[in-house]
Amino acid sequence: MALSQAEVLAGLAEIVNDETGIAADAVQLDKSFQDDLDIDSISMMTIVVNAEDKFGVKIPDEEVKNLVTVGDAVNFIVSAQG
Amino acid sequence: MSQPTLAQYQTTKYSRIYSLGAARGDLIVTNDDVAGPIDSSDEWIRQRTGIITRRRASENLSLMDMAVEASNEAIRKAGIAPQEIGAVIFATITHPFQTPSASALLADKIGANPAPAYDISAACAGYCYGIAQADALVRSGVAKYVLVVGGEKLSDFINPTDRSISFLLGDGAGAAIVGPSDTPGISPTVWGSDGSHWDAVSMTGSLLEFRDGKTEWPTLQQEGQTVFRWAVWEMAKTAAKALEVAGVKAEELSALVTHQANIRIIDELAKQLKLPESVVIARDIINTGNTSAASIPLAMHELLESGAVKSGGLALEIGFGAGLAFAAQVVVLP
């Protein structure tokens, strides 16, 4: 069953916390990965690969640059779940 | 008249690496030295790459000079005469001539003339490609001893303002002598290429575009995120496959010697392989930088010289880079 936006956000926050140590509750939809959370491109790719595993979706390399905010990533994952 | 019996090469069962040699650029280049043009800092570069210094060659130290130095050390430590070398393989992307090859000149300079000599263009996988070829040449009986060199003077092909790869790069050469063995010393190689990502690590332009004034002097560039994903998660599969075909378990390794691309690729790759703490992970990139084809022999040489690993142990070596080309094998440390 497809996960809701809130469930994907919670799961993604957990991944971000594992990779960067950033508190899960700081990972909000309107936060920019780079500017607000200070996540660099390599950490971002680790988060992307772990998100693919966790949510069973494919996030192509060319899509990663469009995932500017946490909300972008959550919305992409929700829709990619089909 | 009866058909004459054709002579063919007589095979030998096993091969191994006899020795290694190493030469690094003569300049120690700090992060502060490279940070300005990319609007960065020592701290930023350390955090994102693990590099504290990279070794680069001054104007008077050529790729060939470093290759000769590394080769002479390997030949001396192997205890063979240079005339016994049956083939010279030079993996490099920075030999500044389209032709003739770097290897033919190297063979002559080290006293191996008239050994067959050829270059390999497989970028950061080049040294492991060379070891695969040397293993095949020795076991097939084509050559008794093969000199494999991975060498680069990458500083000739960098742009100080490029934030994708230039600041990582260093210069050096590593050499190995491969020869016959009574026991297995080089596992089957898991190797290949993926040209669908041909431009993931590339030059900013071709030599023809440069000739025609359509581009500046071509320098190296990479799509960092694409390369990172491939280098960690795809190469973890390649490394696991190499262990499988070698019949070796992770806990039986003494060392993991990956291409020294970026400390975070090295560490994440090691994490994916779930290596026990007993396996020493080569991190020569910290002081040498990323030297492409030279990085694996340089890193392995450093582990042996420092005493971090002992001769006779097993090392998984894996090269990966532009092409995208990759190669992995398990070797007995010389």
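Visitor: Which residues of helix 1 of chain A meet helix 2 of chain A?
Guide: In helix 1 of chain A they're A:Val8, A:Gly11, A:Leu12, A:Ile15, A:Val16, A:Glu19 and A:Thr20. Across from them in helix 2 of chain A sit A:Ser43, A:Thr46, A:Ile47, A:Asn50, A:Ala51, A:Lys54 and A:Phe55. Two residues are in contact here if their C-beta atoms, placed from the backbone, lie within 7 Å. Helices (H or I, at least four residues) and strands (E, at least two) are DSSP runs, numbered from the N terminus.

Visitor: And where do these numbers come from?
Guide: Residues count from 1 along each chain as its sequence is written, while chains are lettered from A and ligands numbered from 1 in the order in which they are written. This is a predicted model, where local features need pLDDT of at least 70 and side-chain atom pairs count only at pLDDT 80 or more, while totals for chains, interfaces and linings use all residues.

Visitor: Back to that helix pair. What classes do the contact residues of helix 1 and helix 2 of chain A fall into?
Guide: That contact has seven nonpolar, five polar and two charged residues. Ala, Val, Leu, Ile, Met, Phe, Trp, Tyr, Cys and Pro count as nonpolar, Asp, Glu, Lys and Arg as charged, and the others, Gly among them, as polar.

Visitor: How do the axes of helix 1 and helix 2 of chain A cross?
Guide: At roughly 135°, with the axes of helix 1 (residues 5-20) and helix 2 (residues 41-55) of chain A coming within 10 Å. That angle is why helix 1 of chain A counts as oblique to helix 2 of chain A. Axes are lines fitted to C-alpha atoms, for helices over the stretch in contact, and angles run from 0 to 180 degrees between N-to-C directions. Under 35 degrees is roughly parallel, over 145 roughly antiparallel, 65 to 115 roughly perpendicular, and the rest oblique.

Visitor: Okay, the two chains. How many residues does each chain give to the contact?
Guide: Chain B gives nine residues and chain A gives eight. On chain B's side, helix 7 (224-246) and helix 8 (263-272) are the elements that give two or more residues. Helix 7 of chain B gives the most to that side, six residues. By class, the side of chain B that touches chain A has two nonpolar, three polar and four charged residues.

Visitor: Which residues of helix 2 of chain A meet helix 7 of chain B?
Guide: A:Ser41, A:Ile42, A:Met45 and A:Val49 do, and they meet B:Gly224, B:Gln225, B:Phe228, B:Arg229 and B:Trp233 in helix 7 of chain B. Five of the residues in this helix contact are nonpolar, three polar and one charged. The axes of helix 2 of chain A and helix 7 of chain B come within 9 Å and cross at roughly 55°.

Visitor: Now chain B by itself. How many helices and strands are in chain B?
Guide: Chain B has 10 helices and 14 strands. Its C-alpha trace spans about 75 × 50 × 40 Å along the principal axes.

Visitor: What order do the strands take in the sheet that holds strand 1 of chain B?
Guide: The order is 1-7-6-4-5 in chain B, an open sheet of five strands with mixed pairing. Strands pair if DSSP finds at least two bridges between them. Strand 1 (14-24) and strand 5 (117-120) of chain B are the edges, each pairing on one side only. From one strand to the next the twist averages 20°.

Visitor: How many bridges join strand 4 to strand 5 of chain B?
Guide: Four, and strand 4 (residues 85-91) and strand 5 of chain B run parallel. B:Val88 has B:Ala117 in strand 5 of chain B as its bridge partner. Helix 5 (residues 126-139) of chain B packs on this sheet and touches strand 1, strand 4, strand 5, strand 6 (145-153) and strand 7 (171-181) of chain B. The direction of helix 5 of chain B makes about 170° with that of strand 6 of chain B.

Visitor: And which strands are the edges of the sheet ordered 8-14-13-11-12 in chain B?
Guide: Strand 8 (190-193) and strand 12 (280-281) of chain B are the edge strands. That open sheet has five strands with mixed pairing. Within it, strand 11 (residues 255-258) and strand 13 (residues 314-321) of chain B pair in the parallel sense over four bridges. B:Ala255 has B:Ala315 in strand 13 of chain B as its bridge partner. Helix 5 of chain B packs on this sheet too, touching strand 8, strand 13 and strand 14 (325-332) of chain B.
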